[in-house]
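Visitor: I'm new here. Could you walk me through this one and tell me what the words mean?

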Amino acid sequence: MTDVTVYGVPQSTFVRTVRMTLEEKGVPYDLQLVQWSDPDYERIHPFRRMPAFRHGDVRLFESLAIAGYVDEVFAGPRLQPAEASSRALMRQWISAVCDYIVADVTRRYIVEYVLRPSGPDGTPDRAKIEEALVDIRHHLGVIDRALGESAYLAGGEVTLADLFLVPIMDYVSKMPEGDELLGAFPNLARWLAAMSDRASFIATIPPPFPGASAD
Ligand SMILES: N[C@@H](CCC(=O)N[C@@H](CS)C(=O)NCC(=O)O)C(=O)O
């Protein structure tokens, strides 16, 4: 029995970030699948996105607000550095992930392959993928250089910043260019391998998107 509910679908990277945060803290929760056709969902998330979250009487939307709340309210390992400059570094990377990585990696690349291919006969549009890859190589290079200087994005310990990035990088690793991209960025590949061994990662591995091919 738990009084924590996450609303969303397990394939969503933002839902996975919140679920990984709960798993890292050892907090039991229910995942309530969102039905997009349900007009009542707007009462849970007024912008009709996911995740949304409930803990007793506390109702929240926006992954950063939810993950920060979970870290601060529940016992377990701290996922936000106490020291100001490390905490700022964590926020810097969360902001960069939510703006630049989501825009160019999730929306222009992963979504094109697995969710809404926009090429002929429902295939991914090669021109769009190639265009996105130019920006993706740049962005992954930035992260790779940052990870060359420390084990995790904000220093020597896992923080929320890593939990925002890893669901997206997990998808990247499974895309047709995944091996090539990770091969080009060894610090990022090392970080992803370490993150992939965590119990929170393993407990939240998403099922395939409905209708996606198994290969
Ligand atoms: N800023 C939001 C972003 C949430 C978001 O965009 N979630 C995606 C799934 S990863 C979504 O709800 N997509 C559904 C849609 O765009 O209609 C957060 O941090 O939670």
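Guide: Sure, starting with residue classes: Ala, Val, Leu, Ile, Met, Phe, Trp, Tyr, Cys and Pro count as nonpolar, Asp, Glu, Lys and Arg as charged, and the others, Gly among them, as polar. By that split, the lining of the largest pocket has 18 nonpolar, 7 polar and 5 charged residues. This is a predicted model, where local features need pLDDT of at least 70, side-chain atom pairs count only at pLDDT 80 or more, and totals for chains, interfaces and linings use all residues. Numbering runs from 1 along each chain as its sequence is written, and side-chain values use heavy atoms, with hydrogens and water left out.

Visitor: Which residues that line the largest pocket are closest to its centre?

Guide: Ser12, Phe14, Arg49, Met50 and Arg107, out of 30 lining residues. The largest share of that lining, 8 residues, comes from H4.

Visitor: Why is H4 called roughly parallel to H6?

Guide: Helix H4 (residues 84–114) and helix H6 (residues 160–174) pack at about 15 degrees, their axes 9 Å apart. Angles under 35 degrees count as roughly parallel, over 145 as roughly antiparallel, 65 to 115 as roughly perpendicular and the rest as oblique. So H4 is roughly parallel to H6.

Visitor: What makes up the contact of H4 with H6, by residue class?

Guide: That contact has 16 nonpolar residues, 1 polar and no charged. Contact means heavy atoms within 4.5 Å, and among the residues that meet are Trp93 and Thr106 in H4, and Phe164 and Tyr171 in H6.

Note on methods. Axes fitted to C-alpha atoms, helices over the stretch in contact; angles between N-to-C directions. Helix = DSSP H or I, 4+ residues; strand = E, 2+ residues; numbered from the N terminus. 1 Å grid on protein atoms, 1.4 Å probe; cavity = no way out; pocket = protein on both sides within 12 Å on 5 of 7 lines; lining within 4 Å.
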